[in-house]
Amino acid sequence: MVSTIQYANNPWEVREAVFNSHNLGKYEAIFALGNGYMGSRAATEEHYVGEKRDTFINGTFDKFDADEVTELPNMPDIFQLRLRVQNQLLDLNTGSVTDYQRTLNLQTGELTRQFKWQVDEHHLNFHSSRFVSFHDRHVLGSRITITNDGSVDLPLVFESGIDGQQSNSGSQHFNDWEKRQYEDKVLQYVTKTNQSNIVFVITAGQSVTVGENSEIVNTRTIMPRRQLLQEFTIRLAPGESLVFEKNAAIFTSRDNDVLYPDKESLQQNGLQRVDQLMRDGYQKNLQASIDAWQQKVWEKMPITIDSPDNMDQLSLNFARYHLHAMTPAHDERMNVGAKGLTGEGYKGHTFWDTEMFILPYFIFNFPDTARKLVKYRYLSLGGARRKAAANGFKGAQYPWESAWINDGESTPIWGGVDIITGKATKILSGFIEQHITADVAYGTNEYISATQDRQFAERFGYEVILDTARFWTSRVEWCEDKQRYEIRDVIGPNEYKEHANNNAFTNYIAHWNMQLALHLIDRLKQESPLVYDQYDQKMDLVSLRRDLMDRLAKLYLPQPNAAGVIPEDDTYLSKQVLDLQQYRDGNNVGALFDHFNLDQVNHMQITKQADVILLLYLFEKQFSAQVKHANWNYYEPKTTHDSSLSMLTHTIFAAYLGLEKQAEDFYERARLIDLGPNMKSSNDGIHAASLGGIWNMVIFGFGGVRYLDGQLRINPNLPKKWRSLDFRIWWHQQELHIHETQDQLIVENLTGSDRIHFEHHGEQCFVDDTLTIDLKQTASK
Ligand code: BGC
């Protein structure tokens, strides 16, 4: 597997240096364009076997048939171009290709591609660019310039338009409804999802111009099944170019910014928007998008790492670009998929990845967007309550995978092959990976305590906290022998262990969730009796409080053994130990399941991802330094890091423990999960949590920013080679500018309307205006 990825000398560009049609998936995913409303994989203009020409509109879930779960449907494509030179179809596996380069500019959100292609006596110079607008979320555009570099006329025929022959790996979610052309230039394709009945209207204006000695010989419109295309026949004189522009707009009946979501109104919207886009032209439309990226993201919350290694800033920019491309900042009825909007992997579903690894970036940088992400969980309470009731529990039990707010549990039932039985493996996460319910409460509470958004808390957030806690009061099981409550038969973060009893992470976070609810009830009663009464009427807080007191007093929390190791679950420590060396190599993790099935792995001390380590990281104050080190030493060697959520947690925790070398090693590896040379790692889409994790590693790990129990702490741990880290965060409705060097920590309160309080190595610090701390002095104390 030869890497073709190249990083420019500036921190904003990632490049594909050589075309290789075996690497399609990698670049389709990492070069995907998006604006949170839509995401489009960077499929090449010309077709290749194995390509995935995916474009998704966030939140437009559909269920293919009764046996499948709901998924984001792959909508008609607008970027494909079928180009023929005489009878030769453009295909870079044929002819001779030189000067190839495809570049994603993270700052502007523009994807450009260029190459020279020679077939027979024809020399063609190809240049394309495209964007998904960050200014107007319905808009996308592309421009292709083809120049005749040869000495004879270049005869070209190309087709482009709107292509509804897409599917989700074979599942076709759309009907073939209405296609129409307006005034030779504008194509409109109307279609509807089969089960959820969401209307999609795709409108594209196409225009071709050629040099003065060249000729557009013919233009015709064709409507094959599920396609609406225009075919252009062109004679291009030597040295001259053709420019093909496409300006498109997409509207759906699920959009929250259209006044009337009926088909005719959406069609009108599309036509009007495209009319304006065509008047303005590609360049102006692109510029509006570039300005929006600049104003809404890069200038608003700049983060600068001063390091001799360009990858430090580049990987952070890459992560931030994708975080904004995938996150629906416009609509709280949807959330972030585990693969963003960049692939069919995980079907567009939302996991705990949001609360644990993606939400922090938004809480600290864009709290308005964070509010929408947590509000989504509030709006999903109906499905969570249904799930709890169906399983015989009280309160709200959140789905392991969620899609549209009403869908409830959306985890598929069947997964990959079991190499021993030859049958499909049953996915149990939807049934027993239950820590998600507490993770949702965790995210909600993080948002509330960092922003102090009382209005959100009182109207929405508290309900989530109380009803998730109520779930746990009914979920814990009384163990008569041991006179304690236990949580049996779960999957913890280590998904290699099914039917685990007392997974430490699950027990602790469930306990934390119940404790939070108990404190909340007592605080509301004391401080906000009106709010208390409201909730009491709706949710009977007296009985909830009684149950919480009882469960909290008697819930089993696995304790460190004599060596300081917390058992991951009841039987983990007594299982066989396997030498994992061959599986811990980043490119070979999957090989574990070529040699063993899940049942066998279940009987070994193997951990998929941070589990006890995540527990220690989240609930740091509850454990001694000795316990933290003992567990690091015990579990890390037994961890395959077979989830992109793992290394980021290990980076932050290692930085916190003062394990500088390990922290930097994990950071190097974690940031390369998508961006690195592994040409297969991103085929199903980028890893959303790991991208959130890049920000977490920089700001929490090395910047040393943490918030625990509602308290802000800043203990910088910059890698030695970093000269400085400069960033901003929002905390308690104040914008803080933080500048860290090897010697100094400067915290400036840019808002300045409230005094900010944070902890620095055990000392309480207050900032009204600017505070400078000499780190050399702290270190010598
Ligand atoms: C991980 C889960 C994660 C999911 C989606 C799985 O491989 O084990 O923790 O939520 O991927 O990213």
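Guide: In what follows, Ala, Val, Leu, Ile, Met, Phe, Trp, Tyr, Cys and Pro count as nonpolar, Asp, Glu, Lys and Arg as charged, and the others, Gly among them, as polar. The model is predicted, with residues numbered from 1 along each chain as its sequence is written, and side-chain values use heavy atoms, with hydrogens and water left out. Local features need pLDDT of at least 70 and side-chain atom pairs 80 or more, while totals for chains, interfaces and linings use all residues.

Visitor: What makes the shell around the ligand six nonpolar, two polar and three charged residues?

Guide: Ala338, Tyr346, Phe351, Trp352, Trp400 and Leu645 surround the ligand and count as nonpolar, whereas Gln609 and Ser643, also in the shell, are polar because Gln and Ser are not among the nonpolar or charged types. Asp353, Glu495 and Lys608 complete the shell as its charged residues. Each belongs there because a heavy atom lies within 4 Å of the ligand.

Visitor: How do you know that tyrosine 346, glutamate 495 and glutamine 609 make polar contacts with the ligand?

Guide: A polar contact is a pair of N or O atoms within 3.5 Å. Polar side-chain atoms lie 3.0 Å from a ligand oxygen for tyrosine 346, 2.8 Å for glutamate 495 and 2.6 Å for glutamine 609, so each pair meets that cut-off. The protein buries 91% of the 310 Å² that the ligand exposes when taken alone (Shrake-Rupley method, 1.4 Å probe).

Visitor: Why are β4 and β5 called paired strands?

Guide: Pairing asks for at least two DSSP bridges, and β4 (residues 38–40) and β5 have three, in the antiparallel sense, so they qualify. Both are strands, DSSP runs of E with at least two residues, and glycine 39 stands opposite phenylalanine 56 in β5.

Methods
Helix = DSSP H or I, 4+ residues; strand = E, 2+ residues; numbered from the N terminus. Polar contact = N/O pair within 3.5 Å; in protein donor to acceptor, adjacent residues only side chain to side chain.
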